[in-house]
Amino acid sequence: MSQTKTKPSSTLIRARRSTMLIFLVCGLGVASWAPIVPYAKERLGFNDANLGLLLLLMGAGALIMMPITGILIRKNGSKKITLSAIIILSIVLPLLLLMDTPLTMGLTLFTFGAAIGTIDVAMNAQAINIERYYSQHIMSSFHGLFSLGGILGPLFMGGMIKSGLQPVIAIGTISVVLLLIVFSQYKSLLSSAHESKDTEQTKFSWPGRAVIFLGLMCFIVFLAEGSILDWSAVFLKDIKNFDEAIAGAGYAAFSIAMTAMRLLGDKFVDKVSPQKIVLFGAAISSAGYLVAVFSPWGWLSLAGFVLVGLGAANIVPVLFSAAGKIKGVPASVALPIVTTIGYTGSLAGPAGIGFIAYSSSLSVAFCVIALLLLVVSISYRQQ
């Protein structure tokens, strides 16, 4: 990545704003699926175990497409790939409520996951290329919009359904909104000409130690984030005796904290070094898990989840930026690998936490995550 620092042009500023909206689109699309899961489950007549197995296909689609997306970007540019993937995502979203057999639902979920994985890599490639021309870190603001979309998606879907709209109409409305945003912003995205500099600087080479290291760091952080999503409500209900109706407060506290910190994160990264963001962020997240586990009061456990969100918020944006700066490895090669390894953590990690919890307790499992986050803090400091 070029290190030349120039004042951003109006074209570059528009590209940044458009890419931020693409991150919002991805967050909205992913999060809008959550409120309609019960409706899809009822339509299929599935139990929890069957649905869980089927949902693995969504993760499989994302994992398969992430490395393939890197190849597609080198050939066609991230701009075209982003548009194509969002169109597919928008078409597939309503189909998730229309499929009524395991086969058709499985194929639809696989396609949905593949579209998400493609957008994830392509929009981050756009963000990395934009950041190269700025004289400061801007990656956190992109991820902040993704997190904001993750909060707004369920709110919009829940609001429309509660107002009387049929779920399929509500999700169709979200699809239309996604399409309107991407088509209105497409022209402002950076073209492949801006990405060719990365791909022409070096011939393809196998990813080295630096790429794998960043991927493993992302794996741990995604594991920590995914475990909050999958296990925080269970932890608060079973371990801290929260009422089932408010057990989701842990994830809500985490999400709000993460979104706020990401939206403010660029200023923090500019004031301190990216290395310190990872060092202190991982340590704070680790402390948050320990506070949640050992707190004698429920409200303090919620504060622990807030600490996890605050600490983890800007680690992944910093790691993704670092992936775009590895010497001798184009961003279109490094980023898909780092993203794929990291995303594996969000999928397989929570399942591993469940195994630990079954063998011992969920409190012990959370302590293991805290230890892994300390490994991130210590090992990244030594880089």
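This passage describes a helix pair, the cysteines, a histidine and a loop asparagine in a predicted model.

A good place to begin is the packing of helix H1, residues 10-33, with helix H4, residues 78-95. The axes of these two helices come within 11 Å and cross at roughly 25 degrees. Angles under 35 degrees count as roughly parallel, and H1 and H4 are therefore roughly parallel to each other. The crossing in which H1 passes H4 is left-handed. From H1, the contact draws on Ile-22, Val-25 and Gly-29, which meet Thr-82, Ile-86, Leu-89 and Leu-93 of H4. Sorted by character, the residues of this contact comprise 5 nonpolar and 2 polar ones, with no charged residue.

Readers who handle cysteines at the bench may like to know how these residues are placed. The structure holds 0 disulfides. For Cys-218, the closest cysteine sulfur belongs to Cys-26 and lies 16 Å away, too far for a bond, because a disulfide requires sulfur atoms within 2.5 Å. Cys-218 also has a relative accessible area of 0%, so this residue is buried. Cys-367, by contrast, has a relative accessibility of 25% and therefore counts as partly exposed.

Attention turns next to His-143, which is placed in helix H6, residues 139-162. With 6% relative accessibility, His-143 counts as buried, because the limit for that class is under 20%. What surrounds His-143, once its neighbours within four places in sequence are left aside? The residues in contact with His-143 are then Phe-23, Asn-124, Arg-262, Val-316, Pro-317 and Phe-320. One of these, Phe-23, falls within the 10-33 span of H1. His-143 can also be compared with Gly-27: the two are 116 residues apart in sequence, and their C-alpha atoms are 9.2 Å apart in space.

The last residue to visit is Asn-241, located in the loop between helix H9 (209-238) and helix H10 (249-271). Most residues other than glycine have a negative phi. In Asn-241, phi is near 60 degrees, a positive value in a residue other than glycine. Is this loop residue buried or exposed? Asn-241 has a relative accessible area of 66%, and since values over 50% count as exposed, this asparagine is exposed. His-143 in H6, at 6%, is instead buried.

Terms used: Residues are numbered from 1 along each chain as its sequence is written. This is a predicted model: local features need pLDDT of at least 70, side-chain atom pairs count only at pLDDT 80 or more; totals for chains, interfaces and linings use all residues. Side-chain values use heavy atoms; hydrogens and water are left out. Axes are lines fitted to C-alpha atoms, for helices over the stretch in contact, and angles run from 0 to 180 degrees between N-to-C directions. Helices (H or I, at least four residues) and strands (E, at least two) are DSSP runs, numbered from the N terminus. Angles under 35 degrees count as roughly parallel, over 145 as roughly antiparallel, 65 to 115 as roughly perpendicular and the rest as oblique. A crossing is left-handed if the near helix is turned anticlockwise from the far one by less than a right angle, and right-handed if clockwise. Contact means heavy atoms within 4.5 Å. Ala, Val, Leu, Ile, Met, Phe, Trp, Tyr, Cys and Pro count as nonpolar, Asp, Glu, Lys and Arg as charged, and the others, Gly among them, as polar. Buried means under 20% relative accessible area, exposed over 50%, partly exposed in between (1.4 Å probe, protein chains only).
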